[in-house]
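Trainee: Could you take me through this model, beginning with the vocabulary?

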Amino acid sequence: MKEVMITINGKICTAPEGSTILEAARKNNIEIPTLCFLKEINEIGACRMCVVEVKGARSLVTACVYPISEGMEITTNSKKVFDSRRVTLELILSTHERKCLSCIRSGNCELQKLCKEFNVADEDYFNGENCEYEFDDSAVHMVRNNNKCILCRRCVAACSKWQAVGVIGPNDRGFNTHIGSAYEQNLGDVPCISCGQCNVSLFVQRGQFMKKTRHKRFGRPWKIQRSM
């Protein structure tokens, strides 16, 4: 396959023709953060965490869906990019249940890690009206807490594309958008096959889905390492 020459942060890089900026960056060991990206499963640019600067572009572009071209000049670490990603995280936190100390993902959470990396000091900066969802423990195998959902749609992609089941998806529109089943049915009332792939797809993200065996007691990463 033809190689395309581009510049990332002043460094000349090559990547296969047809690659996205994210793929090209990762091939050249340049880190670009993502929250919604799952290769070949969920490449939708929904979270906006992977935004980068491209010379000549009118605005920041999402690296996970933007294709590279010969001679493209890309900047992934400018102040404009950093500030945009931090504001995105602050907006995500404004509708997120911020009970990190009691969350099963605490210490092993992509969102938490990125907030530290981008110096999100004021988690209440964009506080305002918020949607509250009931805890769904109707399914045999897991519980669902939509108050922790960041609408990355990883679980939706896993359910529909990995398993071809499609019992969950985005409901409503705009501010009221949330992940649920048809007609707002509980997870235990739809033909879910209890495969757990929605949970696997979010494994290091946050505690929206969790196995029932882990709901009350969950080994924290630092405790697990200490006992080994």
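Mentor: For residue classes, Ala, Val, Leu, Ile, Met, Phe, Trp, Tyr, Cys and Pro count as nonpolar, Asp, Glu, Lys and Arg as charged, and the others, Gly among them, as polar. The model is predicted, so local features need pLDDT of at least 70 and side-chain atom pairs pLDDT 80 or more, while totals for chains, interfaces and linings use all residues. Residues are numbered from 1 along each chain as its sequence is written, and side-chain values use heavy atoms, without hydrogens and water.

Trainee: Understood. How many helices and strands does the chain have?

Mentor: The chain has six helices and nine strands, which are DSSP runs numbered from the N terminus (helices H or I, at least four residues; strands E, at least two). Of its 228 residues, 45% count as buried, that is, under 20% relative accessible area with a 1.4 Å probe and protein chains only; exposed is over 50%, and partly exposed is in between.

Trainee: And which strands lie at the edges of the open sheet?

Mentor: The edge strands are β2 and β4 (61-62), each pairing on one side only. The sheet has five strands in the order β2-β1-β5-β3-β4, with mixed pairing; strands pair if DSSP finds at least two bridges between them.

Trainee: In which sense do β3 and β5 pair?

Mentor: β3 pairs with β5 (residues 73-75) in the antiparallel sense, over two bridges. V54 has I74 of β5 as its bridge partner.

Trainee: Does I74 come up again? What about the largest nonpolar core?

Mentor: I74 is listed there, together with I6, I21, I32, V52 and I68, as touching the most other members of that core of 21 residues. Such a core is a set of buried Ala, Val, Leu, Ile, Met, Phe, Trp, Tyr and Cys residues joined through side-chain atoms within 4.5 Å. β1 (3-8), β2 (11-16), α1 (21-27) and β3 (51-54) each supply at least two of its residues, and α1 has the largest share, with four.

Trainee: Which residues is I68 in contact with, sequence neighbours aside?

Mentor: Beyond four places in sequence, I68 contacts V4, I6, A15, P16, S19, T20, I21 and A24, where contact means heavy atoms within 4.5 Å. Apart from this core lies another, of 15 residues, among them L35, M49, C109 and I150.

Trainee: New topic: pockets. Which residues are closest to the centre of the largest one?

Mentor: They are I92, T95, C149, I150 and L151, out of 23 lining residues. I150 thus appears both here and in the core of 15 residues. The pocket's volume is about 500 Å³. On a 1 Å grid over the protein atoms alone, a pocket is an open set of points with protein on both sides within 12 Å along at least five of seven lines, a cavity is a set where a 1.4 Å probe fits but cannot get out, and lining residues have an atom within 4 Å of a point. Points are joined across faces, edges and corners, and volume is the space filled by probe spheres set on them.

Trainee: Which element gives the most to that lining?

Mentor: α2 does, with four residues. By class, the lining has twelve nonpolar, nine polar and two charged residues.

Trainee: And what lines the second largest pocket?

Mentor: It has 20 lining residues, with E31, P33, K113, L114 and E117 nearest its centre. Its volume is about 340 Å³, and its lining comprises eight nonpolar, four polar and eight charged residues. α2 (79-94) and α3 (110-117) each supply at least two of them, with α3 giving the most, six.

Trainee: How many cavities are there of 30 Å³ or more?

Mentor: There are two. The largest holds about 110 Å³; among its 14 lining residues, C159, V167, C192, C195 and C198 are closest to its centre. The lining has ten nonpolar, four polar and no charged residues.

Trainee: Is V167 buried or exposed?

Mentor: V167 counts as buried because its relative accessibility is 11%. V167 lies in the loop between α4 (154-162) and β7 (169-171). Leaving out residues up to four places away, V167 touches C159, G180, S181, A182, V190, P191 and C192.

Trainee: Lastly, where does Y183 lie?

Mentor: Y183 lies in the loop between β8 and α5 (197-201), and E184 is found in that loop too. Phi of Y183 is positive, near 60 degrees, and E184 has a positive phi of about 60 degrees. Most residues other than glycine have a negative phi. Y183 is exposed, since its relative accessible area is 79%, whereas E184, at 46%, is partly exposed.
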